[in-house]
Amino acid sequence: MPVTQQNMLDAMDGVVMVLDAALRIKQVGEPNWVRFRDDNPPQDPTAFERSKGSVLDRPITDFFAGDAVRATFTNLFNSVLRGARPLVRIDYRCDAPTVRREMRLAVTPIASDGQMHHLLYQSITFRAQPRPAVALFGAAVTERDDDAILTLCAICARVAWPVGAPTGAREWIEPTEYYRRDGGDVAMISHGFCEACFARLKDED
Ligand SMILES: [Zn+2]
């Protein structure tokens, strides 16, 4: 029996997807997708139900929270499609309340007929350490940027402090430090980039 593209995706490590030129999800590596979904119940169940059927044909950026995060990743992925950069490779944190997770995202072009109409999106967990619960990682994430609520860096998972302070007047602290400074419980957080991570992403450009 010949090896199909789906067999290959199913065999690859991490959450693996094929994106088209509009960054829509066209294929998903099945076993790891199911495992990822079951390990990570949606924090906002109304935001998206993550059955395989419900993600196909949706832009991958639908699953990124925060306007700046979406715009930056869209630019990075498009630059790979244009051939302006060979790939995107980003190490980032994606914690659950009781698990510290270090992830690596790699987005590489799939060439066919000398053209790049598709991308391979692969997100691998390379370290997962259990730890005492950090509640804010269980909070729902708003889709839009919102400086008035707790903002978490989408790359390094540090928190903008003090909450609600204008850009430039805030520092980025570890989530545990947030609680040490008597940061309160939050029902909703937003995702953005700290200055250091944003500068690193721009360098990538
Ligand atoms: Zn950061």
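How many bridges pair strand 3 with strand 4, and in which sense do they pair? I began my notes there. I was working with a predicted model.

**Entry 1: strands 3 and 4**

I found strand 3 at residues 88-93 and strand 4 at residues 99-112. They pair in the antiparallel sense, and I noted six bridges for them. I picked out R93, whose bridge partner in strand 4 is E102. I then looked at the link between the two strands: they make a hairpin, with five residues lying between them.

**Entry 2: strands 4 and 5**

Next I followed strand 4 to strand 5. This pair is also antiparallel, with 14 bridges. I looked up R101 and found that its bridge partner in strand 5 is A128.

**Entry 3: strand 1 and its partners**

Which strands pair with strand 1? I found strand 2 on the list, at residues 25-28, against strand 1 at residues 15-19. Three bridges join them in the antiparallel sense. Strand 5, residues 115-130, pairs with strand 1 as well, antiparallel and over five bridges.

I used M17 as a marker. M17 stands opposite V28 in strand 2, and M17 also stands opposite Y121 in strand 5. I added L19, which faces I25 of strand 2.

Strands 1 and 2 form a hairpin with five residues between them. In that turn I noted L23, which has a positive phi of about 65 degrees.

Is strand 1 mostly covered or mostly uncovered? I wrote down that it is mostly covered, since four of its five residues are buried.

**Entry 4: the sheet as a whole**

In what order do the five strands lie in the sheet? I read the order as 2-1-5-4-3, in an open sheet with antiparallel pairing. Strand 2 and strand 3 are the edge strands, each pairing on one side only. On average, neighbouring strands here are turned by 20 degrees against each other, with direction ignored.

I reminded myself that strands of a sheet pair through backbone hydrogen bonds, in a parallel or an antiparallel way.

**Entry 5: a helix on the sheet**

I then looked for what lies over strand 1 and strand 2. Helix 2, residues 30-39, lies across both. I noted that helix 2 runs at about 120 degrees to strand 1.

**Entry 6: two domains**

Where do the domain bounds fall? The domain assignment gives domain 1 as 5-133 and domain 2 as 135-192. I put their C-alpha centres 23 Å apart. For the contact I noted 14 residues from domain 1 and 17 residues from domain 2. On the side of domain 1 that touches domain 2, helix 4 (67-81) and strand 3 are the elements giving two or more residues. I sorted that side of domain 1 by class: eight residues are nonpolar, two are polar and four are charged.

**Entry 7: the whole chain**

I closed with the chain totals. The secondary structure comes to six helices and 10 strands. The radius of gyration is 18 Å, close to the 17 Å that the globule rule gives for 205 residues, so I wrote the chain down as being as compact as a globular protein of that length. Along its principal axes the C-alpha trace spans about 60 × 35 × 30 Å.

What share of the 205 residues counts as buried? I entered 22%. Last, I looked at contacts between residues at least 6 apart in sequence: 59% of them join residues at least 24 apart.

Note on methods: Residues numbered from 1 in each chain as written. Predicted model: local features only at pLDDT ≥ 70, side-chain atom pairs only at ≥ 80, totals over all residues. Pairing = 2+ DSSP bridges. Buried ≥ 20, exposed ≤ 12 C-beta atoms within 10 Å, placed from the backbone. Axes fitted to C-alpha atoms, helices over the stretch in contact; angles between N-to-C directions. Contact = placed C-beta atoms within 7 Å. Domains from an automatic or database assignment. Nonpolar A, V, L, I, M, F, W, Y, C, P; charged D, E, K, R; others polar. Rg over C-alpha atoms; globule rule 2.2 N^0.38 Å.
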